[in-house]
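Me: I would like to work through this model step by step. Please show it, and then I will ask about it.

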Amino acid sequence: MNLPGLLAPPGRDLALDVWRGVALVTIFINHVSGNVLEQFTHKNFGFSDAADLFVFFAGYAAASAYFSKYLGDEKLSTSLNVLSRSVKLYTTHLALVVVGGAVFATMAINKGDLGLFSVMALEPLMLDPAGALVDAVTLRYQPGFLNILPLYCVLIGTLPLLMALAQRSMGAAVAASGVLWLAAGLTGANFPSYPIPGGWFFNPLSWQFLFVLGFALGARRNRLGAATTYRRGWWWAALAYLLLGLAVTKGTGFPEAGWLAPLPDFLTVPEKQFLSVPRLLHVLALCYVVVHSPLQAWARDLPRLHPLSMMGRHSLPVFCTGLVVSITGVAFKQTGFDGALFDIAYVTAGVGTQVLVAAMMSATEKRRSSKPPTASLPAAV
């Protein structure tokens with residue numbers, strides 16, 4: 001059975017907007033690395049962090065936004081809209097690479113401290129700008145803090161293929177995605193990176209599984225009115241796993257590589273690049289516990305103009321704004337601006353800036369929707 005009030009009405013999932021807003025605020029706080037508020041974000045209390053939520057929610061939102069149209073008579077137009085979105089993400093990422101490099105270059109030159117370039121792994125961009133830009137265009141070079149949009153670009157770019165597979169069989173699509181995730185985790189397969197070795201920080205072969213799981217749940221919500229079904233045993237098992245993650249994180253700390261040999265670390269160590277099993281289970285358990293709790297009703301009942309709701313509804317511009325502001329904040333902290341007072345003031349101002357951007361986007365959205373439809377011209381004879 002479902003908890004009272006869990007079934008959502010058709011249309012946009014208002015609770016999702018709120019939780020995306022929470023994830024965006026958390027990502028911003030974490031990106032201003034070293035600030036005093038960072039220690040209170042949920043990455044310090046378990047195996048996953050806000051990046052996992054961001055990707056999972058992206059898959060869920062993609063199903064809500066595109067899949068119903070795709071199942072109708074709009075396959076081509078929907079696929080073209082999705083690909084257009086992917087191109088927008090790609091160009092936005094390249095613009096952020098240039099902006100991020102400019103921010104740190106300005107700080108480094110003003111302070112006479114070229115060591116600042118290493119904070120964002122900008123040495124390739126400074127030493128060989130032309131070569132680094134070519135590698136950035138091919139997404140092989142991804143400076144620090146600027147590695148999640150390339151993943152998102154790939155995920156959205158391959159969404160038409162996912163929708164085509166899901167139309168035939170959602171179960172088969174999820175199974176194929178799971179096999180790819182498992183194979184990447186066990187073999188270490190990854191997209192190439194240069195000149196920084198080690199492959200993509202967010203391995204698309206691995207993280208696509210979290211996106212697909214979100215997509216499958218979003219499609220289920222479209223069809224049945226609820227993404228998941230409440231099961232008492234599952235809920236308590238998920239809560240127990242969250243408590244285990246809390247105990248490990250605050251007690252012994254993450255286990256070292258090889259602690260449970262001969263089992264692969266992918267199965268036993270919370271690890272981000274390949275979205276290891278402990279990490280994947282943690283984000284799924286967290287979402288299941290929250291969605292089947294009073295918190296879900298609280299999120300769904302917040303007004304559309306609540307700051308978190310507006311931020312989640314306009315996640316891309318809010319996220320990009322947060323990246324620029326957080327990169328600037330890191331540069332300030334590296335050049336002597338530090339301390340709890342600065343951290344709290346800067347994070348508050350940064351979140352306020354993101355809310356302002358979301359409010360401006362919402363106002364623009366409202367003006368467009370309130371415009372009367374343009375009268376159509378008579379058909380040509």
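Me: Is Glu-38 buried or exposed?
Reply: This is a predicted model. Glu-38 has a relative accessible area of 13%. Buried means under 20%, so Glu-38 counts as buried.

Me: Which side chain does Glu-38 meet in a salt bridge?
Reply: Side chains of opposite charge can pair when their charged atoms come close. Here the N to O distance is 2.6 Å. The partner counts as partly exposed, at 28% relative accessibility. The partner is Lys-43.

Me: How many residues apart in sequence are the parts tied together by Asp-49 and Lys-272?
Reply: The two side chains meet in a salt bridge, 2.8 Å from N to O. Asp-49 lies in the loop between helix H1 and H2, and Lys-272 in the loop between helix H11 and helix H12. So the pair ties together parts whose separation in sequence is 223 residues.

Me: Which residue forms a salt bridge with Arg-279?
Reply: The closest N and O atoms are 2.9 Å apart. Arg-279 lies in helix H12, and its partner lies in helix H2. That partner is buried, with a relative accessible area of 0%. It is Asp-52.

Me: What distance should the 22 residues of helix H2 span?
Reply: Helix H2 covers residues 50-71. The estimate uses 1.5 Å a residue, times one less than the number of residues. The end C-alpha atoms are 31 Å apart, which agrees with the expected span of 32 Å.

Me: Where does H2 bend?
Reply: The bend is about 35°. It falls at Ser-64.

How values were computed:
Residues are numbered from 1 along each chain as its sequence is written. This is a predicted model: local features need pLDDT of at least 70, side-chain atom pairs count only at pLDDT 80 or more; totals for chains, interfaces and linings use all residues. Side-chain values use heavy atoms; hydrogens and water are left out. Helices (H or I, at least four residues) and strands (E, at least two) are DSSP runs, numbered from the N terminus. The bend at a residue is the angle between axes fitted to the seven residues ending there and the seven starting there. A salt bridge is a side-chain nitrogen of Lys or Arg within 4 Å of a carboxyl oxygen of Asp or Glu. Buried means under 20% relative accessible area, exposed over 50%, partly exposed in between (1.4 Å probe, protein chains only).
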